[in-house]
Amino acid sequence: MRLFIWIVLLMAAAIGIAVTARFNPGNVVLFYPPHRIDLSLNFFVVLEVALFALLYVLIRAFRATVKMPSKVAAYRQQKRERDGNKGLREALKALFEGRFGHAEKAALRAGELAENAGVAALIGARAAHRMRQAARRDQWLAKIADDNSMKTARLMTMTELLVDDHQPEKALEAVHELNASGTRHIHALQMSLKAQQQAKNWPEVLRLVRSLDKHHALHPALSARLRELAYDDMLADAGHDAESLQRVWSTVPNADRIKPYVACRAATALNARGLHDEARVVAEESLAADWDDRVIRAYRDAAAPAGSAALLAQIEHCESWVNQHPADAELALTLGALCLKQKLWGKAQRYLEQALSDATEARMVRESHLKLAQLHEALGQAEEAANHYRQCALATIL
């Protein structure tokens, strides 16, 4: 439609010029002595228009020639940007598809564009890592070592890949460098936690677990498991003597001390080093907060010497607990064992037989028979003792 309107306008202008020129008798005289040129006004006008058009074309051609190098450079730059961005898109797509070889090749093309070099290096490093090419991975990361704008991304990528490669020392170096720059965020803490776990630096694992728990960045089950692993290693370390174990225990927060898995390991470790009084205190505080059969077993192993006030206090505690947990076989076995040590034969036999009847594990059956055999042996009842020894042996075999 626009073309049609232009054609109509041009035709109207041509008709108007033709009609006007027909009735134009004027002329133009160009006089330059001794020369004289006479031109009709119509021809002069046409000549002026033609000259203007020629000059316009020449000027446009000159300007286009002058601008040609910059246009060529701009075209080449646009082509590089198109190719670089296309390579970056292909690299990301191939990385997500799991075609790591294609991703690395595409990252090489994308890296030819300076603006994409940093991101392309990260993609190439991840692709090389997935292909277990550690040397190439490090080369990719080294390309952007001096790029401050990519520092955080590079260090986070290094940490994640090194943790995945089970190189906790190098991963922690990257974390320290990241922390030194003042950058702290949840993912960095999570990667640091994995690195510290691999390095078996359990005190630091506990610190990071507490920090992540404040941000609700760990599943409660995972948090509990990591705490359990950390305390298990810290408290069950065979290199601890009594003094060093107590020093480690003093660093445990009160909120963690009463948790069953912590109290159980602590009481077991204290018992192993002859610190039975401390073990009893640990177990009693934990049982007051949260009942657990594992702690009861450690409490049984922490039995005080026969005839002591501490042993009588243990028996009193257990009897009060029996009222609250009448069907607990582990508690009945503990109370029976304590009464046996105190030579309260009747109570010991009653509770040990109750433990035997309520026992659900072979371990408890075996230990109940053993305690009953010892009781009957102490009472001079050889036949009953032999029978329980025999049942204990059968339970051991089975």
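Here are legends for a handful of close-ups from this predicted model.

**Close-up 1. The β1–β2 hairpin.**
Strands β1 and β2 make a hairpin, with 2 residues between them. β1 covers residues 27-32 and β2 covers residues 35-40. The two run antiparallel, and 6 bridges hold the pairing on record here. To get your bearings, start from V28: its bridge partner in β2 is L39.

**Close-up 2. Tryptophans W291 and W321, ring against ring.**
Searching the whole structure turns up 2 aromatic pairs. One of them is W291 with W321, an edge-to-face arrangement with 5.7 Å centre to centre and 75 degrees between the planes. The pair ties together distant parts of the chain, as its two members are 30 residues apart. W291 sits in the loop between α14 (276-289) and α15 (293-301), while W321 belongs to helix α16 (residues 309-324). Is W321 buried or exposed? W321 is buried, because its relative accessible area is 10% and the cut-off for buried is under 20%. Widen the view a little and Y299 comes in too: ring pairs join W291, Y299 and W321 into a cluster.

**Close-up 3. Two charges over two rings.**
Have a look at K143 first. Its charged end sits over the ring of W140, 4.1 Å from the ring's centre. The other example involves an arginine: R350 lies over the face of Y351, and here the distance to the ring centre is 4.9 Å.

**Close-up 4. A nonpolar patch on the surface.**
Which residues make up this nonpolar patch? They are M1, F4, I5, W6, V8, L9 and L10, and together they have about 820 Å² of accessible area. Pick out F4 as a landmark: you'll find F4 in helix α1, which spans residues 2-22. F4 counts as exposed because its relative accessibility is 56%, and the cut-off for exposed is over 50%.

**Close-up 5. D83 and L113.**
D83 lies in helix α2, which takes in residues 41-97. With a relative accessible area of 40%, D83 is partly exposed; that value falls between the cut-offs for buried (under 20%) and exposed (over 50%). How far apart are D83 and L113 in space? From C-alpha to C-alpha the separation is 8.5 Å, although D83 and L113 are 30 residues apart in sequence.

Conventions
Residues are numbered from 1 along each chain as its sequence is written. This is a predicted model: local features need pLDDT of at least 70, side-chain atom pairs count only at pLDDT 80 or more; totals for chains, interfaces and linings use all residues. Side-chain values use heavy atoms; hydrogens and water are left out. Two strands pair if DSSP finds at least two bridges between them. Helices (H or I, at least four residues) and strands (E, at least two) are DSSP runs, numbered from the N terminus. Rings of Phe, Tyr and Trp (its six-membered ring) pair if their centres lie within 6.5 Å; planes under 30 degrees apart count as stacked, over 60 as edge-to-face and the rest as tilted. Buried means under 20% relative accessible area, exposed over 50%, partly exposed in between (1.4 Å probe, protein chains only). A charge sits over a ring if NZ of Lys or CZ of Arg is within 6 Å of the ring centre and within 35 degrees of the ring normal. Patches are made of residues with over 30% relative accessible area and no salt bridge: like charges are joined within 9 Å, nonpolar side chains (Val, Leu, Ile, Met, Phe, Trp, Tyr) within 5 Å. Accessible areas come from the Shrake-Rupley method with a 1.4 Å probe; for residues, only the protein chains shown count as cover. A salt bridge is a side-chain nitrogen of Lys or Arg within 4 Å of a carboxyl oxygen of Asp or Glu.
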